[in-house]
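User: I'd like to learn how to read the features of a model like this one. Could you walk me through it step by step?

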Amino acid sequence: MGEEVKLHGMWASPFSRRVELALKLKAIPYQYIEEDLSNKTPSLLRYNPVHKKVPVLVHNDKPVAESMVIIEYMDETWENNPFLPRDPYERAMARFYAKFIDDKLLPTLAKLGQTAGKEKEETIEEIHEQLKVLEDELKGKQFFGGQRIGYLDIVAMILVWLHLTGSITGQKVLSTEKFPLIHEWIERVMKMEVVNECLIPEEKRQDWIQLSQRAPKSASN
Amino acid sequence: MGEEVKVFGFWASPYSHRVELALSLKGVPYEYIEEDILKNKSDLLLKYNLIHKKVPVFLHKGKPIVESIVILEYIEETWKANPILPQNLHDKAIDRFWIKFIDDKCLPAIRKATFSPENERETAVEEACECLRTLESALNGKRFFGGDAIGMVDIAANFLTIWLRTIQEATGLEVLSVEKFPDLFKWTDDFISCSVVKESLPPTDKLLSFVKASLSQ
């Protein structure tokens, strides 16, 4: 029996795209199943009965849910191109900042679409503070992972999405003046073919913005 | 000098307790520094946890780590005695899933039920119970989430033991009862009665006074 890897995902979900990027970085062949979140496959419901959400990775018929749990599982199972550093302290730092992005930055970004006026300004201020944390993390490094793309870079792809959608909506929270290192990082990763393969295709970006403003609940982090 | 492990914590914090329990289970000696988080956070705490300014802060050889689960993963990777995560990679992934479920769903749902206004309470309690029902299924006939011995999921679920009991006693809230969740309730008893756990828990009467005082504000 070979290694059978399937990914239940959804094109507009950044969490799903994260796992796709991880699979491509490790050059793991996989079968992709696009889920229609309004009409989920019986497999998805069976593999993730608790949340009924994407992404779900199925490895030799064993499911793993939650994007960061999947990525850690992948790093432990396929040891080529490691995502996490070897040193336990460095690993803890990568996990901390990944959690920071998922638990702090993403919810604040989600809030942005729902606010106006003074509240919106305050939310933008909050986002800037959070982005500053990530900007500082890039000091002296090519990637969040150091010399090569790693665990935190995968999670930080949300910054690329923020940059691309900012150009479309005109809402630029990620300014080049305030966040030069993040911009350099974005340019650097966008030169990578695997990264580009996992971004929302240009023709679908407008749709994605509309979808995300309606806050889809069926993609989990 | 030795491995020098320090924990900045707060006696009533379940998150702080998670870290202390993991260290105790692995027999790792550490220095504990009590932080008065309500009134007067120490300069050291603020220095080590610039981003969140919270406890617990874990120090190993002078390097700080924050976020209790990130700390637990570090502890597991650094001290190999009495592992708290399974060897099997898929089982490990399942455990991490449940830990996330506890932190992202269970605890917020219980918090919501505790603080919800009268007219929203019934729904909030129902949602909290739904979480507990799902979590109980993860026990699946085992004594602990970790199997025969306490593991990281058990440690992560610590709040459901004396903290939840104290909140229920102080507020009359009924979420985790032996009638509704016999297996999960039994788990709380088994967890609390482990000698290592018993020694690490804050005194219940002191906790009850603290919770009552906090809720009345």
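User: Let's begin with the nonpolar core. How many residues does the largest nonpolar core have, and which have the most contacts inside it?

Analyst: The general idea comes first: in soluble globular proteins, nonpolar side chains tend to be buried together. In this predicted model, the largest nonpolar core has 150 residues. Those with the most contacts inside it are Met74(A), Leu159(A) and Trp185(A) from chain A, plus Phe58(B) and Leu160(B) from chain B. Helix 4 of chain A, residues 88-112, gives the largest share of this core, with 13 residues.

User: Which residues is Leu159(A) in contact with, leaving aside its neighbours within four places in sequence?

Analyst: There are several leucines: Leu105(A), Leu131(A), Leu134(A) and Leu174(A). Leu159(A) is also in contact with Phe144(A), Ile182(A), Trp185(A) and Ile186(A). Trp185(A) is itself among the core residues with the most contacts.

User: Now the chain as a whole. How many helices and strands does chain A have, and in what order do they run?

Analyst: Chain A has 10 helices and 4 strands. From the N terminus on, the order is β-α-β-α-β-β-α-α-α-α-α-α-α-α.

User: What does the radius of gyration say about chain A?

Analyst: The idea is to set the value beside the one expected for a compact globule. With 221 residues, such a globule would have a radius of gyration near 17 Å, and chain A agrees because its own value is 17 Å. Along the principal axes, the C-alpha atoms of chain A fill a box of roughly 55 × 40 × 30 Å. Of the 221 residues, 54% count as buried. Among contacts in chain A with a separation of 6 or more, 68% come from residues 24 or more positions apart.

User: And what about the surface and the charges of chain A?

Analyst: Chain A exposes about 10400 Å², and carbon and sulfur atoms supply 50% of that area. Its 30 positive and 34 negative charges have mean positions 2 Å apart.

User: Let's try a single residue. Is Ile33(A) buried or exposed?

Analyst: The test is the relative accessible area, and buried means under 20%. Ile33(A) is at 18%, so this residue is buried. Its place is in strand 2 of chain A, residues 31-34. Not counting residues up to four places away in sequence, Ile33(A) touches Lys6(A), Leu7(A), His8(A) and Gly9(A). The C-alpha atoms of Ile33(A) and Met10(A) are separated by 8.1 Å, although these residues are 23 apart along the chain.

User: How many residues of helix 3 of chain B are buried, and what covers them?

Analyst: Helix 3 of chain B, residues 68-78, is mostly covered, with 10 of its 11 residues buried. The buried ones include Ile69(B), Leu72(B), Glu73(B) and Tyr74(B). Their cover includes helix 4 of chain A, along with strand 3, strand 4, helix 1, helix 4 and helix 6 of chain B. Thr78(B) also lies in helix 3 of chain B, but counts as partly exposed because its relative accessibility is 24%. Leaving out residues up to four places away in sequence, Thr78(B) touches Pro88(A) and His60(B).

User: One last helix: what covers the buried residues of helix 7 of chain B, and what follows this helix?

Analyst: Among the buried residues of helix 7 of chain B, residues 162-171, are Ile162(B), Trp163(B), Thr166(B) and Ile167(B). Helix 1, helix 4, helix 8 and helix 10 of chain B are included in their cover. After helix 7 of chain B comes Gly172(B), with a positive phi near 80 degrees.

Methods: Residues are numbered from 1 along each chain as its sequence is written. Chains are lettered from A and ligands numbered from 1 in the order in which they are written. This is a predicted model: local features need pLDDT of at least 70, side-chain atom pairs count only at pLDDT 80 or more; totals for chains, interfaces and linings use all residues. Side-chain values use heavy atoms; hydrogens and water are left out. A nonpolar core is a set of buried Ala, Val, Leu, Ile, Met, Phe, Trp, Tyr and Cys residues joined through side-chain atoms within 4.5 Å. Buried means under 20% relative accessible area, exposed over 50%, partly exposed in between (1.4 Å probe, protein chains only). Helices (H or I, at least four residues) and strands (E, at least two) are DSSP runs, numbered from the N terminus. Contact means heavy atoms within 4.5 Å. The radius of gyration is taken over C-alpha atoms; the globule rule is 2.2 Å times the number of residues to the power 0.38. Accessible areas come from the Shrake-Rupley method with a 1.4 Å probe; for residues, only the protein chains shown count as cover. Lys and Arg count as positive and Asp and Glu as negative; His and the chain ends are not counted. The place of a charge is taken as NZ of Lys, CZ of Arg, CG of Asp or CD of Glu.
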